[in-house]
Structures are given as C-alpha cells and as structure tokens.
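This report goes through the structure shown below, moving from its sheet to its ligand site and then to its domains and backbone. Please keep the sequence at hand while reading.

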Amino acid sequence: MSRLSRRAVLAGGAALAARPAFGVALPPVTTSSRIEALLGRMTVTEKAGQLTLMASAIGGRAATALNPPGTGPSAEAQLSAAREGQLTGIFNGEGSAWHRRLQQAAVQSRLGIPLIFAADVIHGFRTIFPVPLGEAASFDPDLARRTARAAAVEASAAGIDWTFAPMVDIARDARWGRAVEGSGEDVLLGRLFAATRVAGFQGRDLAAPDALAACAKHFAAYGAAEAGLDYNSVDVSERTLRQVYFPPFEAAFGAGAPTVMAAFNELSGIPATANHWLLTDVLRGEWNFRGLVVSDYTADEELIAHGYARDGRDAARLAFLAGVDMCMQSGLYRDHLPALVEAGAVPMARLDKAVRRVLVLKAAVGLLDDPFRRLAPGREKRFVGLPAHRALAREAAQRSIVLLKNEGGLLPLRPGQRIALIGPFAAGPHDLIGPWNVYGDDREAIDLATGLGAGVTVAPGSGVETVLPGGIPAAVAAARAADVAVLAIGESQVMSGEAQSRTEITVPAPQLELVRAVAATGKPMVIVLSTGRALALDDTVLAARAIVVGWFLGSESGNAMADVLRGRVAPSGRLPVSFPIESGQVPYHYDHKPTGRPASNGAPVAYKARYRTVPNAARFAFGHGLTYGDITYGPIILDPVLAWDGKIEVSAVITNRGHRAATEVAQLYVRPHSASVTQPVRRLIAFQRLDVPAGGTATAAFTIRRQDLAFVGVDKRAVTEPGAYDIWVAPSAEAGAPATLLLGAPA
Ligand code: BGC
C-alpha cells in the first residue's frame, strides 16, 4: 500500500514543466517519470477508475434538473468509490465541504490519486453573468474573458477544478434551444469568444488555486442538428465542418483548452462519440491536440440507442477506440474496459494513453502537487459573490442589451414619466439568470421592477404560455394611467437550453393578446424581450415604438436593463444571431449562399430564391443594434488593390448627428465576386467597438491582408484566390453598400 509521497509529487511537478503542444500548455507526457511510475503500479481496474467520471451524489442546486432523472449513488457509496480508486472525479457537486470529504477519501485510496472536480460553470457560478448568447451580443470578447475569470474565481473557491465550458457550437437554427449557451451563428464571433472564455477560465496559470481548466464542447457540429431538434442527426459536408463548425474549437485549443467534450449527435452516419475520424484523425492527427477527450453525459451508452453499438460492452469499446478517453456518467468504462483489455479487444497501450492524459490534466491543474489546492476552508466564503463580481455582472448585462427599434426616440425614458410595467417578466424572482445554471439562483438576481424602482405600476397581464385570469384588464388599466407602457415579454428560461427545441420561434400567443390589448390604449410601448434564441417577431410586437432584447441577463438583470431604459447607460449590443421574419425561414443565417437565382429584397420576382410570403432576409439582421445617437456611415475609403503579400487599410467615417454619445460596432464583411467554392453573400472578418461623441465622428479603420480573405477550398484546405471582392464597412450584415477590392496574383 503506497501513496503518492510529497517528494514524488514535487519531483514529478518539476518534470511536468509546461510545454506548448497545439494550444495545450500541458506537461510533456512522455517525460513525466512520476506519471509513468504511477501508471506502472496501477491495476487495470484502477486505470478504468481513472476514466470514470460521475455526477455528484450531492448535486449543485439545480444540477439534478439539468440532466435526465436517474437514481444516483448515495454519498456513502460515492465516498467508498473514491476510496477504492473507482472514480476519477465528480461533476456538479455542491460546496467545498463535500468536495473535501471526497478528496479525503480519494487520497486514502491505494495509490492516493486525487479526484478532479468538474462542473457546468457556463456563465457564472453564484454571481451569474448574461447567458453566453447575450454576452456575445456585446461584440466584446474581452468582456467574456473577464466574466469567465470571475466565474473561475468563484467556482474554484468551491473546490471546482474543471469547467464544462466554453460551449463553442455554432448555432444557425434558432429552433435549437442550446443556441443560448454559445456565441451565435457567426464563425468569427464564435472563434473570438471561444478563445477569450478559455483564457478567462484558465487565467495565467492552470495550476493556480483560482484557475479552472476549460473544456470546449460539443465536438462537433452539435448545433447543426436536423430541424433544430436537440440530439438529432447531423449531416454536413466536411468542408462545412472545416469552414464553420471546427474553427471555434481550434480557437479554444489555440487558447490552451486542455479538454474537449464529444457531442451527443451522430455526424454523417457515425456518432461523434464513436467517430474515429473526428476524435483521432482530425483532433490528434491534424491538430496535434494533446489533451483529454471526455464523453458527454452517458453519450457512450447512447451509442446503443443510435443503433451503432450492440450493448454496453460494445459501446465502451467503440467510444474508447474512437478516442473518448473519459466516460461521463454511464460507468461503462469502469464496467467493461478491464474485460475488454483482458480479451485483447482494447490494447493496454491505448488504456495507458487515456489514463496518462487524465493524470497529466490532474497534474496541470495542480492536484498532484496538492489535492486540496482548491479546497482550503474559508475560500468559498471569501470569494463567492464578491461585490466586484456583482459590478461586473451589471456591466456585462448592460453591454449585452440590444436596441432593435426606437421610433421617435421613445427611449431613453424621461425622468418623471409614469411607467406601467407589464408582462410575465416584469417582476419576480424568475427567468432572470437563464436556463443553464447549476449554482445560480433567481432569488439572488434583480428583476426589472426592482431595477426601475419607485413610480412604476406593475401588472403581469399574462402567464408565459397561459392566460392569466383578469390579467389583461388590469394591465390595460395600468397602461391607461401611465405615460408609457414597458412590456416585459418573451420566452421563459425553460423554453431554451438543453432539450428545449421549439417549432415556432415566436412570442407565445397569450402574451401577444396582452400586447394587442395594451397597444389599443394608444400609449407608447417599449417591448423588452426575454429570450434564449433569435425570435421571429409578430406584427403586434413590431408595432411597438421601441424594442429591446434582454436575453437572460443574470444576477444584475433588472438593474442593467433599467440603466439602459432610463438612459444612464447607452445601448451598445448587436445581434449575434439573425432574427428572421418568420419561423419557417430557419435555419436562417446571414452568411448563407447566394443560390443561382438570388432574389432582391424588394418586390417579389417569380422564380427567384424567396418565399411566397417573405423575402429570404432577416427582420433584424445579424449585427444589428441601435444606439441612442443618430449614426450614419460615410463611404468606404480604401486602396482598391491588395498585393498578394501586402496589406491595405479600409475605413469609413461614422457620424453621430444625435444628442447622445454612442458606442457603434462597425463591421467589416467580404464576399469574392467568384471563387472555386461558392461563398456566402457576406462573411464577417473583423469588427470594432467605437465611441462616437454626440455631434461628432469616429473612424472605423481596418487592415486587410490576403489571409483575411481565405476560405476552405476544393481540397478542404484554406486557400485565398486572387480576384475581385466586395467589401462592406457596415452597421449590420444586411446594411450598407460595398466597395470593390482587387487581390493581385502571387508574384
Ligand atoms: C450536456 C453537457 C453538460 C453535461 C454535464 C449534458 O447533458 O450536453 O453540455 O456538460 O450534461 O452536465
């Protein structure tokens, strides 16, 4: 019975000096004598235990509601699994005291290998930041780095070492409920936010007590589920994978994410969890990823339901040999890997590789040096819910708000205006923090009524999806007695998130009834939308003079929304997803292909790519968002010829004729006139947040190099082709007129 000695730990620690592989600043696996020595002493059963991750017996507040119901182990059973070396770690556990007890059990196991504590820390721990889709609306990737850092400080203080975030799935189909967890439909935003979230979670040193190891998920193309149905099949071309769905993962690894989660979905016939091409050929062969692959929740077992594996043993074999190192929740690796190795169906060398990756991860987050690194008593109290985090939550929420419409400058509200605050999201501790929260609590968040403060009459008017008896007359009376009606309507937080796909991406009918009744009073209306996805807005909603998207803004929801509504803060967010005209258009994304019969968005023309009733356009385009200024873009100024190895400047002067300062997000889009692979009608290649003073100007200036014009070519590698390109500097993906740029041929 020998345990890890302190000396061995230190020696190993020294040998484990960081060496960057592709994006993974992990210790060099082969030179880690300590890990090798440990491996040499492990039984096959202990090895399988190191690959077995289980949900915590004592779950984080909401954890139990976030996965399918199951009969988990008792706390005692989990403690004894830890003592017997049957467990590599747990996820979504509650509180450092419980984590400490488990770690004490683990260090008493035969080899004393510490547990790793994982959790879904998606957009905050106790202090909740806007849902990731909302935060992407800030078009401020550094904001995501800061909120991820704060989340890591809180979560690590509760003993968590590893977060199942960032979720980097591109989501182009608004029916899919999990769009709320990512950065929307655009690849550039997806890449930038993936990288900054990883950087934020991990901080400067993965072994620091306040660092969380990141996990890019869900690999791959989970967001491309057919018909927007969660878990559904995905069948996309390899080119689209490489052009659209892979880049955010590459960005996450580039930023140092040491782990990745395989997706639930099948990918063109082979489930991602058993997809050797994806998990081994691409991930390791091409990208040289050195980190750890973890399955999603029981995804290995689900290979049976996919019709891919015969039984549990077959499922374990297929997932493991394809490249899934660690199995989450099914227990299949624990149950079957020893026998599979014994039977020669799984090589011992492959088992050792996977275990080595786990030990390297544990070393990297500092656990082999000190199993109690994130478990010091008192840290949780000290760091969770810090006032600075609350202030950051307010700032992040303010920046995530998108002003879609503001006719006649109805917003900001004027001091002294009597406000009727109407709708199911007007007041109360619900639907504030968003759907994917293990540790947050709506009761600790600020609702809109509280944020707006005194002088506001509140009338719910309607349920979210049900009629509220007497609700409409009371709301109408409140509106009549007010100068302005603010209607807080939209989706509740359970209407998006995992397994919450919708067929119609609309505001539910009872709320539309309410809006109609309030509109009939003739009082000016401001609509504030709660939502976890893009919505197709009904004419009733569109008739309001002002519309604001509030997503789910987190702990400081009501304060931040009130800051913007009252004009203490100017709105600066932009849509990270296109809001289509009707639900039937989805999947609608701004970077769609032109087709051979493109339609203009004007009067309908026969035999063109448009719908009978609506054009193939957005109601509110990707990138759209108004300010409280009055913004116009001057002509694009550019040197029209770009030499093959050169660079050019492209700029536009932005003028604010309004009386209020504005923060404008200028966006740079491109499209080649022709290419060897058809290209989207526009593609975002850069953007800038610019302060434009009232009555003043600012210049959006970008540099373009040949690489910025690259795309995935015929041979599925990045290429750039000489020729003419349209270039836009514009306030959204469907605004502005292009200038032409000529890329010269190589010398
Ligand atoms: C989700 C993952 C999550 C896991 C653990 C799954 O249902 O797809 O995103 O990390 O549960 O909670």
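Which residue in S12 does Thr-52 stand opposite? The residue opposite Thr-52 in S12 is Cys-327. The model in which this pair is found is a predicted one.

**The sheet**

The pair Thr-52 and Cys-327 belongs to the contact between strand S3, residues 52-55, and S12, which pair in the parallel sense over two bridges. These strands are part of an open sheet of five strands, whose order is S6-S5-S4-S3-S12 and whose pairing is parallel. At its edges stand strand S6, residues 162-163, and strand S12, residues 327-328, each of which pairs on one side only. Further along that order, S3 and S4 pair in the parallel sense over three bridges, and Met-54 has Ile-90 in S4 as its bridge partner. Strand S4, residues 89-91, is in turn joined by three bridges to strand S5, residues 116-119, and these two strands run parallel. In this pairing the bridge partner of Phe-91 is Ala-118 in S5. As general background, side chains in a regular strand alternate between the two faces of the sheet.

**The ligand site**

The ligand is surrounded by 15 residues, and the closest are Asp-120, Arg-178, Lys-217, His-218 and Asp-296. Sorted by class, this shell holds seven nonpolar, three polar and five charged residues. For Arg-178, Lys-217 and His-218, the distance from a polar side-chain atom to an oxygen atom of the ligand is given in the table.

| Residue | Distance from side-chain N or O to a ligand oxygen |
|---|---|
| Arg-178 | 2.7 Å |
| Lys-217 | 2.8 Å |
| His-218 | 2.7 Å |

Taken alone, the ligand exposes 310 Å², and the protein buries 100% of that area.

**Backbone geometry**

Two of the residues in the table also share a backbone feature, for a cis peptide bond with an omega of about 0° joins Lys-217 and His-218. The place of His-218 is in strand S7, which covers residues 215-219. After this strand, Ala-221 is found in the loop between S7 and helix H9, residues 238-245, and Ala-221 has a positive phi of about 65° although it is not a glycine. A cis peptide bond also joins Ala-165 and Pro-166, with an omega of about 5°. Pro-166 is located in the loop between S6 and helix H8, the latter spanning residues 187-202. These features deserve a careful look because most residues other than glycine have a negative phi, and most peptide bonds are trans.

**Domains**

How is the protein chain divided into domains? Domain 1 is made of two segments, 16-42 and 129-378, while domain 2 covers 389-572 and domain 3 covers 628-743. The C-alpha centres of domain 1 and domain 2 lie 36 Å apart, and the contact between these two domains takes 29 residues from domain 1 and 30 residues from domain 2.

Definitions and conventions:
Residues are numbered from 1 along each chain as its sequence is written. This is a predicted model: local features need pLDDT of at least 70, side-chain atom pairs count only at pLDDT 80 or more; totals for chains, interfaces and linings use all residues. Side-chain values use heavy atoms; hydrogens and water are left out. A residue is near a molecule or strand if one of its heavy atoms lies within 4 Å of it. A polar contact is a pair of N or O atoms within 3.5 Å; within protein, one must be able to donate a hydrogen and the other to accept it, and residues adjacent in sequence count only if both atoms are side-chain atoms. Accessible areas come from the Shrake-Rupley method with a 1.4 Å probe; for residues, only the protein chains shown count as cover. Ala, Val, Leu, Ile, Met, Phe, Trp, Tyr, Cys and Pro count as nonpolar, Asp, Glu, Lys and Arg as charged, and the others, Gly among them, as polar. Two strands pair if DSSP finds at least two bridges between them. Helices (H or I, at least four residues) and strands (E, at least two) are DSSP runs, numbered from the N terminus. Domain bounds come from an automatic or database domain assignment. Contact means heavy atoms within 4.5 Å.
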